[in-house]
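Keep the sequence and the 3D view side by side. The paragraphs below walk through the sheets first, then the contact between chains, then the salt bridges.

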Amino acid sequence: VDTAVRLVSEETAVTTMPFDLQALRRGHEARDAQMLLGLYADDAEVRVVDQTHPPSHPLVLHGRDEIGTYLQDICDRDMVHVVHDELVGNGLATAHVTCRYADGTQVLAAETFELDDNGRIQRETIVQAWDQSG
Amino acid sequence: MATTFDIATLERGHSERDPDLLIDLYADEAEVVVIDQNHPPSHPLVLEGREAISGFLHELCDSDITLDVGDVVLGDDRVALHVAWWYPDGTQALSSEVLELDERGRILRETIVQAFDRV
């Protein structure tokens with residue numbers, strides 16, 4: 001039974017894992033906005049929900065230009081990014097990204113990606129919270 | 001290890017706001033970590049054990065809200081999902097959750113990152 005389930009699991013993984021988790025991980029670790037932007041479809045949408053952009057009024061980014069600017073801003077900040085808790089399946093991928101500033105304050109972003117047929121990010125939802133600095 | 005997590009019960013427990021359905025999904029020694037603007041990453045709310053988690057779930061389910069589970073991703077030993085909360089006045093909350101499962105498919109550790117309209 002375990003073997004059969006494992007085969008199904010592997011088959012699912014093959015067909016639903018074109019998403020490049022390695023690039024997501026490396027892009028964050030290297031703070032390489034261009035590498036991260038390469039994961040998005042041209043008409044991608046990113047929705048960010050946090051204490052300054054509550055669920056009723058999320059920050060919504062349309063297209064690669066706006067998303068690229070957002071990613072560049074994040075990558076320009078002096079902090080260490082760690083990607084963890086990745087999961088892929090069902091046309092979706094999820095990951096948590098912890099960003100730690102030099103003073104020790106942290107941001108935790110829970111990211112959910114809806115993928116297109118090419119495994120590129122069509123729509124992303126980010127729910128995040130951060131330490132108040134100082 | 002394959003997922004034996006009871007996602008249908010999780011969905012029903014939320015839609016019916018039934019804390020007793022939800023608490024059965026947790027291992028005895030489960031831990032829930034909640035991160036939001038009131039409980040930032042360096043100082044999360046940490047609930048240890050079923051009694052503390054049950055109190056948390058009862059408080060959630062006693063609220064006059066509609067809970068919708070979506071964006072479920074089932075892994076071998078983990079599950080990720082969103083829970084959208086809707087209050088009668090239209091205000092919302094959104095939780096992004098990762099559930100780490102034990103070998104019996106029960107929740108051993110849950111990490112919730114959430115944001116809400118209400119301060």
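Which strands of chain B does helix H1 (residues 7-15) of chain B lie across? The model is predicted, so read every value as computed from it. Helix H1 of chain B crosses S3, strand S4 (78-86) and strand S5 (92-101) of chain B. Its direction is at about 160 degrees to S3(B). Helix H3 (residues 49-62) of chain B also packs on the sheet. Helix H3 of chain B touches S1, S2, S3, S4 and S6 of chain B. The angle between helix H3 of chain B and S1(B) is about 55 degrees.

Now look at the sheet under these helices. In chain B, six strands form an open sheet in the order S2-S1-S6-S5-S4-S3. The pairing is mixed. Strand S2 (45-48) and strand S3 (66-74) of chain B are the edge strands, each pairing on one side only. On average, neighbouring strands in this sheet are turned by 20 degrees against each other, direction ignored. Strand S1 (residues 26-35) and strand S6 (residues 107-116) of chain B run parallel, and six bridges join them. To find this pair on screen, start from Tyr26(B), which stands opposite Ile107(B) in S6(B).

Turn to chain A. Its sheet is open, has six strands and follows the order S2-S1-S6-S5-S4-S3, with mixed pairing. Strand S2 (59-62) and S3 of chain A sit at the edges. Each has a single partner strand, so one side of each has no neighbour in the sheet. The twist from one strand to the next averages 15 degrees. S1(A) and S6(A) run parallel and are joined by six bridges. Arg47(A) has Thr125(A) in S6(A) as its bridge partner.

Helices lie across this sheet too. Helix H2 (residues 21-29) of chain A lies across S3, S4 and S5 of chain A, at about 170 degrees to S3(A). Helix H4 (residues 63-76) of chain A lies across S1, S2, S3 and S6 of chain A. Helix H4 of chain A runs at about 55 degrees to S1(A).

Next comes the contact between the chains. How many residues does each chain bring? Chain A gives 32 residues and chain B gives 30 residues. The size of an interface is often given as the accessible area lost when the parts come together. Here chain A and chain B bury about 2400 Å² between them, with 62% of it on carbon and sulfur atoms. In chain A, the residues that lose the most area to chain B are Pro55(A), Leu87(A) and Val127(A). Together they make up 23% of what that side buries.

Polar pairs cross this interface as well. Seven residue pairs are in polar contact between chain A and chain B, both partners at pLDDT 80 or more. On the side of chain A that touches chain B, the elements giving two or more residues include helix H1 (2-16), strand S1 (40-49) and strand S6 (121-130) of chain A. S5(A) supplies the largest share of that side, six residues. That side of chain A divides into 13 nonpolar, twelve polar and seven charged residues.

Salt bridges come last. Side chains of opposite charge can pair when their charged atoms come close. Between chain A and chain B there is one salt bridge. Asp85(A) and Arg78(B) meet in a salt bridge, 3.5 Å from N to O. Over all chains, the structure holds 14 salt bridges. One lies within chain B: Asp24(B) pairs with Arg50(B), their closest N and O atoms 3.8 Å apart. Asp24(B) is in the loop between helix H2 (19-23) and S1 of chain B, and Arg50(B) is in helix H3 of chain B, so the pair ties together parts 26 residues apart in sequence.

Methods: Residues are numbered from 1 along each chain as its sequence is written. Chains are lettered from A and ligands numbered from 1 in the order in which they are written. This is a predicted model: local features need pLDDT of at least 70, side-chain atom pairs count only at pLDDT 80 or more; totals for chains, interfaces and linings use all residues. Side-chain values use heavy atoms; hydrogens and water are left out. Two strands pair if DSSP finds at least two bridges between them. Helices (H or I, at least four residues) and strands (E, at least two) are DSSP runs, numbered from the N terminus. Axes are lines fitted to C-alpha atoms, for helices over the stretch in contact, and angles run from 0 to 180 degrees between N-to-C directions. Contact means heavy atoms within 4.5 Å. Buried area is the accessible area (1.4 Å probe) that two parts lose on being put together, summed over both. A salt bridge is a side-chain nitrogen of Lys or Arg within 4 Å of a carboxyl oxygen of Asp or Glu. A polar contact is a pair of N or O atoms within 3.5 Å; within protein, one must be able to donate a hydrogen and the other to accept it, and residues adjacent in sequence count only if both atoms are side-chain atoms. Ala, Val, Leu, Ile, Met, Phe, Trp, Tyr, Cys and Pro count as nonpolar, Asp, Glu, Lys and Arg as charged, and the others, Gly among them, as polar.
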